[in-house]
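Colleague: Could you walk me through this one? I'd like to hear how each label gets decided.

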Amino acid sequence: MTQKVAVLGTGKIGEALLSGMIRAGWAPQDLLVTARRPERAEELRTRYGVTPVTNPEAAKTAETLILTVKPQDMTTLLDELAPHIPTDRLVISGAAGITTSLIEEHLAQGTPVVRVMTNTPALVDEAMSVISAGSHASQADLAHAEEIFGAVGKTLRVPETQQDACTALSGSGPAYFFYLVEAMTDAGILLGLPRDKAHDLIVQSAIGAATMLRDSGEHPVKLRENVTSPAGTTINAIRELENHGVRAALIAALEAARDRSRELASGSNS
């Protein structure tokens, strides 16, 4: 943890990563940040004791560069960084849909690149971060990326060919659960409950169900069957979900998210 790490384009996820790294033992003086607005950079300095720098300064100074800009801004950032990045730097990209090969094309031959797709539960140290190696990344580079992103949740290594699917499942995944809670809350209001009580009932049910999925080792079908009594309330609800094609809609939604990740990789922003 004595190496210098720079987070470039420090938004919410970048800030969550900084905060988690500091809690995990990184010294603030070894963490550099860049931000588009000077006031944002100063805010991060005040809050965490980290050092704001320019993008070229980060490239020259830090052994590890974490690129957290939006996908459509990645090429511009790489063009700015390329003249200043030695081949012994580790470049970690957190941009959805951006391949390691695209990043490698902009950098000196042999520069190690690791691709990571994390998600917004990084804000509460419950992220799922999926890690893939570029052409020149070593096992040590992957382990270093795991150490960094492990500060804000769990990590999983996958081949880069699976990254678009992982983006659809876990990168975008929290939004699907928020959408479901929103819909269930509306249903609770329709059934006569105050919004706050409906919200509390659903959120705690979601936490309990997620904990059972994580800790029980049981298949989700088995856990669902344990709640589904013959001719009971739950089976009637499940029947309506099936009648309305909820399962098929979820599959189609995730396919659409995967396809958009592929489009981002190909440079389509429309």
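**Labels and the reasons for them**

Modeller: Let's start with Arg 258, which is partly exposed, with a relative accessible area of 25%. Keep in mind that this is a predicted model.

Colleague: What makes Arg 258 "partly exposed"?

Modeller: Buried means under 20% and exposed means over 50%, with partly exposed in between. Arg 258 has 25%, so it gets the middle label.

Colleague: And why is the link between Asp 259 and Arg 258 called a salt bridge?

Modeller: The rule asks for a side-chain nitrogen of Lys or Arg within 4 Å of a carboxyl oxygen of Asp or Glu. For Asp 259 and Arg 258 the closest N and O atoms are 2.8 Å apart, so the pair qualifies. Asp 259 is partly exposed too, at 31%.

Colleague: How many salt bridges turn up in the whole structure?

Modeller: A search finds 20. Another one joins the side chains of Glu 263 and Arg 260, at 2.9 Å from N to O. Both of these residues sit in helix α12 (residues 246-265), three residues apart, or about one turn of the helix. Glu 263 has 36% relative accessibility and Arg 260 has 27%, so both count as partly exposed.

Colleague: Which residues are linked in a network of salt bridges?

Modeller: Glu 15, Arg 40, Glu 43 and Arg 47.

Colleague: What does the salt bridge between Arg 115 and Glu 160 tie together?

Modeller: Here the N to O distance is 3.0 Å. Arg 115 belongs to strand β6, while Glu 160 is in the loop between β8 and α7, so the pair ties together parts that are 45 residues apart in sequence.

Colleague: Are those two partners buried or exposed, or somewhere in between?

Modeller: Arg 115 has 4% relative accessibility, which is under 20%, so it is buried. Glu 160 has 22%, which falls between the two cut-offs, so it is partly exposed.

Colleague: Since you mention β6, what sheet do the strands form?

Modeller: Eight strands make an open sheet with mixed pairing, in the order β3-β2-β1-β4-β5-β6-β7-β8.

Colleague: Why are β3 and β8 said to stand at the edges?

Modeller: Each has a single partner strand, so one side of β3 (51-52) and one side of β8 (153-157) are left without a neighbour in the sheet.

Colleague: How do you know that β6 and β7 pair?

Modeller: Pairing needs at least two bridges between the strands. Strand β6 (residues 113-117) and strand β7 (residues 127-133) have four, in the antiparallel sense, so they pass. Within this pair, Val 114 stands opposite Ala 133 in β7. Helix α7 packs on the sheet, touching β6 and β7, and its direction makes about 175 degrees with that of β7.

Colleague: Which residues of α7 meet α8?

Modeller: Ala 168, Leu 169, Ser 170 and Gly 171 in α7 meet Gly 173, Pro 174 and Tyr 176 in α8. These contact residues divide into four nonpolar, three polar and no charged. The axes of α7 (residues 163-171) and α8 (residues 173-190) come within 5 Å and cross at roughly 35 degrees.

Colleague: What makes His 144 "buried"?

Modeller: Its relative accessible area is 15%, which is under 20%, so buried is the right word. His 144 is in helix α6 (residues 139-149). Leaving out residues up to four places away in sequence, His 144 touches Gln 3, Val 5, Thr 64 and Leu 90.

Colleague: Why is the phi of Ala 231 worth a remark?

Modeller: Most residues other than glycine have a negative phi. Ala 231 is not a glycine, yet its phi is positive, about 60 degrees. Ala 231 lies in the loop between α10 (220-227) and α11 (233-243). With 78% relative accessible area, which is over 50%, Ala 231 is exposed.

Colleague: What about Asp 125?

Modeller: Asp 125 also has a positive phi, near 60 degrees. Its place is in the loop between β6 and β7. At 30% relative accessible area, Asp 125 is partly exposed.

Colleague: Last one: what does UniProt place at residues 160-264?

Modeller: The unreviewed entry gives "domain: Pyrroline-5-carboxylate reductase dimerisation" there. In the model, that stretch is 83% helix and 0% strand, with its end C-alpha atoms 15 Å apart.

Technical notes: Residues are numbered from 1 along each chain as its sequence is written. This is a predicted model: local features need pLDDT of at least 70, side-chain atom pairs count only at pLDDT 80 or more; totals for chains, interfaces and linings use all residues. Side-chain values use heavy atoms; hydrogens and water are left out. Axes are lines fitted to C-alpha atoms, for helices over the stretch in contact, and angles run from 0 to 180 degrees between N-to-C directions. Helices (H or I, at least four residues) and strands (E, at least two) are DSSP runs, numbered from the N terminus. Contact means heavy atoms within 4.5 Å. Ala, Val, Leu, Ile, Met, Phe, Trp, Tyr, Cys and Pro count as nonpolar, Asp, Glu, Lys and Arg as charged, and the others, Gly among them, as polar. Buried means under 20% relative accessible area, exposed over 50%, partly exposed in between (1.4 Å probe, protein chains only). UniProt positions are given in the numbering used here, feature names are shortened, and annotations may be inferred rather than shown by experiment.
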